[in-house]
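The following account leads the reader through selected parts of one protein model. Please keep the sequence and the structure at hand while reading.

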Amino acid sequence: MAAAYSIGRDVPLAARNTFGLDVQARAFATVHDAAALPALLAEPSLQGQPQMVLGAGSNVLFADSRYDGCLLHLVCNSTHILRNEGDRAVVHVDAGCEWDALVDWTLDQGLQGLENLALIPGQAGAAPIQNIGAYGVEVGSFIAAVHAYDRVTADYARLGHAQCAFGYRDSVFKREPERWIVTALELSLPRSGQPNLGYVGLREELGAMGELEPTPRNVAAAVRRIRRRKLPDPAVTGNAGSFFKNPVVRREVAAKLQARFAGLPVFPAVSEGERKLSAAWLIEQAGWRGYREGDAGISAQHALVLVNLGHATGPQLLALARRVMASVLEKFGVTLEPEPRIIGAAADPPR
Ligand SMILES: Cc1cc2nc3c(=O)[nH]c(=O)nc-3n(C[C@H](O)[C@H](O)[C@H](O)COP(=O)(O)OP(=O)(O)OC[C@H]3O[C@@H](n4cnc5c(N)ncnc54)[C@H](O)[C@@H]3O)c2cc1C
């Protein structure tokens, strides 16, 4: 029988983070069976050093040239329908499944809901961490439960939807990164219903494709077309997608900013008393779109995307991100927050 996990030493990570940063991990554990986590975490050689999960590395920035601990990489990747509930099905998805392949798998099963989240890189296990979202949909609205290993109680847990405390790019897992290792998801997906076409650009794309009565599969195709056009491909230019979250401010603050800066896009936020601002607009207006400093830059395609144009290092990318944040704060009085997890000693202020 194959080993439940294997541990490599001094493992290069350039191909394991979408910024393409040339960093090394002191140890890298590939986990084939989530049941082996307690044994792995108890390995004598891993004691006294940090441990964190690394999925596909599409939402992390390594701020140091070495991760002096053990990265845990789950590769268990089975999917199956757990049960049917009326017009919905609950599917079980292992953490190691590739997200975009999962979107297609659900569509093949006649299930819908995830089509707006097509082509988001990464593993399924990472999806609840920041409650991935795109084109008007967040994954949290389909998550019935998350299975995780709890490093505090040293036991496995099943967290129901409410316990996950999903918010905008947020969840209990993001707030307690040292605690949870997500091992699987339960997604509750409908078999019918109108696709979510709330995002104007999506309706326009479907129109351009001649899809007047779009199916979930056409929506996924449209989302992929838009994303390929709008976002730099990490296989060509290192990046982690949107590097900054859209700032959420009080309604009065948004109104004052709109009065001062014509054209500032403002969106509804979860709470009635708050509004979400477009971070891309703020960054572009501050003059950063297409800016380059050595090999660190802000994408000319999309102002939210920090890019590695060659051989930038983590500290160089982080320094540029901090300059962008400082200039947006100075010009608009708005604090931007990075979306990816910044890893390493150099990560500390201002996160
Ligand atoms: C081109 C591009 C476009 C993107 N577009 C979007 C988008 O539209 N919407 C969006 O929300 N995100 C987007 N992202 C960000 C990213 O794809 C998602 O956040 C994705 O879910 C990260 O998955 P990953 O496996 O790469 O996670 P990683 O980057 O490996 O990890 C991210 C974080 O999650 C933690 N983590 C990962 N797996 C687990 C686990 N099993 N248990 C516990 N913690 C875990 C890690 O420790 C880390 O803190 C984009 C990224 C890129 C490069």
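Leaving aside its neighbours within four places in sequence, with which residues is Asp10 in contact? In this predicted model, Asp10 is in contact with Gln24, Ala25, Arg26 and Arg66. Asp10 itself lies in strand S1. With a relative accessible area of 39%, Asp10 is partly exposed, because that value falls between the limits of 20% for buried and 50% for exposed residues. The C-alpha atom of Asp10 is separated by 23 Å from that of Pro177, a residue 167 places away along the chain.

The strand that holds Asp10 leads to the sheet around it. Four strands form an open sheet in the order S1-S2-S5-S3, and their pairing is mixed. Strand S1 (5-12) and strand S3 (51-53) stand at the edges; each has a single partner strand, so one side of each is left without a neighbour in the sheet. From one strand to the next, the twist averages 25 degrees. At one of these edges, S3 pairs with strand S5 (residues 66-74) in the parallel sense, over three bridges. Within this pairing, Met52 has Leu71 of S5 as its bridge partner.

A second open sheet contains five strands, in the order S6-S7-S12-S10-S11, and its pairing is antiparallel. Its edge strands are strand S6 (79-85) and strand S11 (155-160), each of which pairs on one side only. Here the twist averages 20 degrees from one strand to the next. Strand S10 (residues 143-150) and S11 run antiparallel and are joined by six bridges. The bridge partner of Ala145 in S11 is Gly160.

This second sheet also has a helix lying across it. Helix H2 lies across S6, strand S7 (88-94) and strand S12 (180-190), and runs at about 45 degrees to S6.

How is the packing of two helices described? The description consists of the angle between their axes and the distance between the axes. For helix H2 (residues 99-108) and helix H6 (residues 216-230), the angle is about 160 degrees and the axes are 10 Å apart. This angle makes H2 roughly antiparallel to H6, because angles over 145 degrees count as roughly antiparallel. The crossing of H2 past H6 is left-handed. On the H2 side, the contact is made by Asp100, Val103, Asp104, Leu107 and Asp108, and on the H6 side by Pro216, Arg217, Ala220 and Arg224. By character, the residues in the contact of H2 with H6 comprise four nonpolar and five charged ones, with no polar residue.

Attention now turns to strand S19 and its partners. Strand S13 (residues 238-242) pairs with S19 in the antiparallel sense over three bridges. In this pairing, Asn239 has Val307 of S19 as its bridge partner. Strand S18 (residues 296-298) also runs antiparallel to S19, and three bridges join the two. Ala296 finds its bridge partner in Asn308 of S19. S18 and S19 form a hairpin, with six residues between them.

Are the faces of S19 covered or uncovered? In a regular strand the side chains alternate between the two faces of the sheet. Both faces of strand S19 (residues 305-308) are covered: Val305 and Val307 are buried on one side, and Leu306 and Asn308 are buried on the other.

Methods
Residues are numbered from 1 along each chain as its sequence is written. This is a predicted model: local features need pLDDT of at least 70, side-chain atom pairs count only at pLDDT 80 or more; totals for chains, interfaces and linings use all residues. Side-chain values use heavy atoms; hydrogens and water are left out. Two strands pair if DSSP finds at least two bridges between them. Axes are lines fitted to C-alpha atoms, for helices over the stretch in contact, and angles run from 0 to 180 degrees between N-to-C directions. Buried means under 20% relative accessible area, exposed over 50%, partly exposed in between (1.4 Å probe, protein chains only). Angles under 35 degrees count as roughly parallel, over 145 as roughly antiparallel, 65 to 115 as roughly perpendicular and the rest as oblique. A crossing is left-handed if the near helix is turned anticlockwise from the far one by less than a right angle, and right-handed if clockwise. Contact means heavy atoms within 4.5 Å. Ala, Val, Leu, Ile, Met, Phe, Trp, Tyr, Cys and Pro count as nonpolar, Asp, Glu, Lys and Arg as charged, and the others, Gly among them, as polar.
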